[in-house]
Each structure stands twice: as C-alpha cells, then as structure tokens.
Amino acid sequence: MSFQLKQGTTFLINDELIENFPWYDFSDVSDIAIDWHDRRSPTVKLTVSCTSQPECSAVIRLKKVTECKLPEMGLRLLQFSHLILENVRSQQWENVWYRIYDLDFQEPSFRFRSGHIEIQ
C-alpha cells in the first residue's frame with residue numbers, strides 16, 4: 001500500500017505505516033514542541049518539510065515519549081539526513097513501541113509509545 005501525501009490526511013503510526021510511508025522524503029525540522037501535560041511522559045510534536053512536495057509538511061506527534069535526544073544545535077541543524085522509524089517492541093523497553101531516528105547521525109532520536117502523522 002502506498003500513502004498519498006495530501007494536505008489534511010492523518011496517519012496512525014503502526015507497522016504498516018512504518019513499512020510503506022515515504023520517510024526518505026522528510027528532512028528539515030522547522031518546529032519542535034515538547035509538552036509535559038501529564039508530568040510523566042511528554043508529547044513531542046515535530047514539523048518536518050517534505051522534499052518532493054515543498055508545499056506540504058508533516059506534523060509528527062509522538063505520545064508517551066521516553067527518550068528525546070537532540071543534536072548539538074551549533075554543530076548541525078535539527079534535521080534528518082535519513083529518517084528511520086522502526087518497531088522496537090521486541091527490544092522490550094518499558095512503554096516503548098517505536099523509535100524514530102536519523103540513520104546517519106543517530107540523533108535526533110525519540111523512543112515513544114504511540115503517535116500519528118498529519119500532512120499539512
């Protein structure tokens with residue numbers, strides 16, 4: 001199954017999305033927000049530009065984040081050179097189902113329980 005990157009569509013992060021979504025098409029992070037509304041596990045919102053469709057961006061919302069590693073901003077902008085999202089349930093990290101990271105630099109890196117992607 002292929003995913004159409006149309007404005008206004010939302011996708012739940014699951015194994016099918018991991019397998020078929022065009023992750024390679026997203027690189028530069030234009031906005032990041034971290035919300036600790038429940039005081040235990042934050043929600044991270046990343047707005048990432050789309051290379052093939054510059055008029056679109058993806059808002060990636062990661063819920064119940066247990067790890068958030070960001071690169072030193074002075075050395076490298078907040079971007080993904082090769083964005084990877086993987087199912088890490090088999091590694092049995094507590095409350096972690098997925099990991100999103102940069103294959104080349106390992107950061108940014110996030111471990112989280114659930115989330116979704118909205119195309120804007």
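Lys and Arg count as positive and Asp and Glu as negative, while His and the chain ends are left out of the count. This convention applies to the charges in the first legend below, and the model shown in every view is a predicted one.

**Figure 1. Overview of the protein chain, with its fold, extent and charges.** The secondary structure of the predicted model consists of one helix and nine strands. Read from the N terminus, the order of elements is β-α-β-β-β-β-β-β-β-β. The radius of gyration is 14 Å, close to the 14 Å that the globule rule gives for 120 residues, so the protein chain is as compact as a globular protein of that length. Along the principal axes, the C-alpha atoms fill a box of roughly 35 × 35 × 30 Å. Of the 120 residues, 42% count as buried. The accessible surface of the protein chain is about 7,000 Å², and carbon and sulfur atoms contribute 47% of it. Among contacts with a separation of 6 or more, 50% are between residues 24 or more positions apart. The protein chain carries 13 positive and 17 negative charges, and the mean positions of the two sets lie 8 Å apart.

**Figure 2. Close-up of Glu19 in helix H1.** Helix H1 covers residues 15-20 and includes Glu19. Is Glu19 buried or exposed? Glu19 has a relative accessibility of 64%, and the cut-off for exposed is over 50%, so Glu19 counts as exposed. Leu85 is 66 residues away from Glu19 in sequence, yet the C-alpha atoms of the two are 8.9 Å apart in space.

**Figure 3. Close-up of Tyr24 in the loop that follows H1.** Tyr24 sits in the loop between H1 and strand S2, the latter spanning residues 26-35. With a relative accessible area of 66%, Tyr24 is exposed. Tyr24 and Leu46 are 22 residues apart along the chain, and 16 Å separates their C-alpha atoms.

**Figure 4. Close-up of Thr43 and the residues it touches.** Thr43 belongs to strand S3, which runs over residues 43-50. The relative accessible area of Thr43 is 18%; buried means under 20%, and Thr43 is therefore buried. Which residues does Thr43 touch, not counting those up to four places away in sequence? They are Ala33, Ile34, Asp35, His37, Leu62 and Lys63.

**Figure 5. Close-up of Gln79 and its surroundings.** Gln79 lies in the loop between strand S5 (67-69) and S6. Gln79 is partly exposed, at a relative accessible area of 24%. Leaving aside residues up to four places away in sequence, Gln79 touches Ser27, Asp28, Val29, Asp102 and Pro108. Two of these partners, Asp102 and Pro108, appear again in the views below. The C-alpha atoms of Gln79 and Glu107 are separated by 8.8 Å, with their positions 28 residues apart along the chain.

**Figure 6. Close-up of Asp102 in strand S7.** Strand S7 takes in residues 98-102, Asp102 among them. Asp102 has a relative accessible area of 0% and is buried. What does the side chain of Asp102 reach at 2.8 Å? The atom reached is the backbone nitrogen of Asp104. Asp102 is also one of the residues that Gln79 touches.

**Figure 7. Close-up of backbone geometry at Asn95, Gln106 and Pro108.** Most residues other than glycine have a negative phi, and most peptide bonds are trans. Asn95 has a positive phi, near 60 degrees. The position of Asn95 is in the loop between strand S6 (83-87) and S7, and Asn95 is partly exposed at a relative accessible area of 42%. Gln106 also has a positive phi, near 70 degrees. Gln106 falls in the loop between S7 and S8 and counts as partly exposed, with 38% relative accessibility. Pro108 is likewise in the loop between S7 and strand S8, which covers residues 109-112. Is the peptide bond from Glu107 to Pro108 cis or trans? This bond is cis, with omega near 5 degrees. Pro108 is among the residues touched by Gln79.

Conventions:
Residues are numbered from 1 along each chain as its sequence is written. This is a predicted model: local features need pLDDT of at least 70, side-chain atom pairs count only at pLDDT 80 or more; totals for chains, interfaces and linings use all residues. Side-chain values use heavy atoms; hydrogens and water are left out. Helices (H or I, at least four residues) and strands (E, at least two) are DSSP runs, numbered from the N terminus. The radius of gyration is taken over C-alpha atoms; the globule rule is 2.2 Å times the number of residues to the power 0.38. Buried means under 20% relative accessible area, exposed over 50%, partly exposed in between (1.4 Å probe, protein chains only). Contact means heavy atoms within 4.5 Å. Accessible areas come from the Shrake-Rupley method with a 1.4 Å probe; for residues, only the protein chains shown count as cover. The place of a charge is taken as NZ of Lys, CZ of Arg, CG of Asp or CD of Glu. A polar contact is a pair of N or O atoms within 3.5 Å; within protein, one must be able to donate a hydrogen and the other to accept it, and residues adjacent in sequence count only if both atoms are side-chain atoms.
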